[in-house]
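Ready to find your way around a new structure? Work through the exercises below with the viewer open, and try each task before you read its solution.

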Amino acid sequence: MPDSDFSQSRASMVKDQISKRGINDPTVLEAFGSIPRHLFVPKNKIDSAYFDGPLAIGYDQTISQPYIAALMTEILQLKPGLSALEIGTGSGYQAAILAYLGIKVYTIERIKNLGQKASDRFKALGYDIKVKISDGTLGWPEYAPYDRIIITAAAWSVPDALMDQLKAGGRIVAPLGGRMHQNLTILDKTSDNRIKEKKVCGCVFVPLIGEGV
Ligand SMILES: C[S@@+](CC[C@H](N)C(=O)[O-])C[C@H]1O[C@@H](n2cnc3c(N)ncnc32)[C@H](O)[C@@H]1O
């Protein structure tokens, strides 16, 4: 199906779901208006790709609601050239948004088929994103330290390995809390390696599963 069939849905998503709820960074709005979200959902869900909520992508996992993905992107406070580690590749949509914004993206997915499909999408769309099929709670030491870390699955706290792999002056955005409800949380590492934490809003994510939680 040609992208023009979806461009109107994408524009409505940006206006009615993202912009109206207070996301106003023009670069973030442009990214969400440009990335073809319908290519990141299963074929039988393509007509719901721009729906205002999370969607199942198989293996009991989801692609996040567009607004939540946009909020996480905005509060990461990105600038082209920064590096970001994502834990929970899922469909690959969030990673593609980061890459569109000029970020050097490293993403880890524990479910092989999801990671492989996301990697195929990145290649097809021309994004240079490094994908690892592994337990993201242990991070990706080879490319550390990172300017930003985004965790797109829920845990009570940020795994120690990820804290260690964040640069001084860097930021982590993560849903922290219990199984049924979490707080989207910003953790800033100061220049003297202290952590400052700030809750942004309530949210619901699938669980982070791994050795480091
Ligand atoms: C809400 S989905 C991620 C949505 C994704 N960012 C997107 O744009 O589609 C959460 C993902 O985290 C993955 N996950 C959970 N624990 C993980 C771990 N320890 N390491 C890597 N991925 C993990 C799940 O398999 C799932 O694909």
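Which residues of α5 are buried? Keep in mind that this is a predicted model.

**Exercise 1. Get to know helix α5.**

*Solution.* Start with the burial list. The buried residues of α5 are Leu114, Gly115, Lys117, Ala118, Ser119 and Phe122. A residue makes this list if 20 or more other C-beta atoms lie within 10 Å of its own.

Next, look at what these residues pack against: the strands β1 (55-58), β2 (61-63), β4 (104-109) and β5 (130-133), along with helix α4 (93-100).

Then check the length. Helix α5 covers residues 112-125, 14 residues in total, so at 1.5 Å a residue it should span 20 Å. Its end C-alpha atoms are indeed 20 Å apart, which agrees.

Finally, step off the end of the helix. Gly126 follows α5, and its phi is positive, near 80°.

**Exercise 2. Trace the open sheet from one edge to the other.**

*Solution.* First, write down the order of the 7 strands: β5-β4-β3-β6-β7-β8-β9, with mixed pairing. Now pick out the edges. These are β5 and β9 (195-203), each of which pairs on one side only. On average, neighbouring strands of this sheet are turned by 15° against each other, direction ignored.

Zoom in on one pair. Strand β8 (residues 182-189) and β9 run antiparallel and are joined by 8 bridges. For a landmark, find Leu184, which stands opposite Cys201 in β9.

Now add two helices. α3 lies across β6 (146-151), β7 (166-177), β8 and β9, and runs at about 15° to β8. α4 lies across β3 (83-87), β4 and β6, running at about 170° to β4.

**Exercise 3. Take apart the hairpin of β1 and β2.**

*Solution.* Begin with the pairing: β1 and β2 run antiparallel, joined by 3 bridges. Ala56 stands opposite Thr62 in β2. Then look at the turn. There are 2 residues between the strands, and Tyr59 in the turn has a positive phi of about 60°.

β2 turns up again around the ligand, where it gives the most to the shell, with 3 residues. β2, α4 and β4 each supply at least two residues of that shell. Which of the 25 residues around the ligand come nearest? They are Gly88, Gly90, Gln94, Gly136 and Gly210.

**Exercise 4. Find the centre of contacts in the largest nonpolar core.**

*Solution.* Here's some background first. In soluble globular proteins, nonpolar side chains tend to be buried together.

In this model, the largest nonpolar core has 61 residues, and those touching the most other members are Phe32, Met72, Ala84, Ile97, Ile149, Ile151 and Ile172. Helix α3 (residues 66-75) contributes the largest share of this core, 7 residues.

Take Phe32 as an example. Leaving aside neighbours within four places in sequence, Phe32 is in contact with Met13, Val14, Ile18, Pro66, Ala70 and Ile97.

**Exercise 5. Is Ile186 buried, partly exposed or exposed?**

*Solution.* Locate the residue: Ile186 lies in strand β8. Count its surroundings: 17 other C-beta atoms lie within 10 Å, so Ile186 is partly exposed.

Now list its contacts, skipping residues up to four places away in sequence. Ile186 touches Ile75, Arg171, Val173, Lys198 and Val200. Of these, Lys198 is 12 residues away in sequence, and its C-alpha sits 5.2 Å from that of Ile186.

**Exercise 6. Repeat the steps for Leu138 and Gln17.**

*Solution.* Leu138 is in the loop between β5 and β6. With 17 C-beta neighbours inside 10 Å, it counts as partly exposed. Beyond four places in sequence, Leu138 touches Ala161, Glu211 and Gly212. Try a distance too: the C-alpha atoms of Leu138 and Ile68 are separated by 24 Å, with the two residues 70 apart along the chain.

Gln17 belongs to helix α1 (residues 4-19). Its count is 19 C-beta neighbours inside 10 Å, so Gln17 is partly exposed. Its contacts, again not counting residues up to four places away, are Asp52, Pro66 and Tyr67. Gln17 and Tyr146 are 129 residues apart in sequence and 30 Å apart in space, C-alpha to C-alpha.

Notes: Residues numbered from 1 in each chain as written. Helix = DSSP H or I, 4+ residues; strand = E, 2+ residues; numbered from the N terminus. Expected span 1.5 Å × (residues − 1). Buried ≥ 20, exposed ≤ 12 C-beta atoms within 10 Å, placed from the backbone. Contact = placed C-beta atoms within 7 Å. Core = buried A, V, L, I, M, F, W, Y, C linked by C-beta atoms within 7 Å. Pairing = 2+ DSSP bridges. Axes fitted to C-alpha atoms, helices over the stretch in contact; angles between N-to-C directions. Near = placed C-beta within 6 Å.
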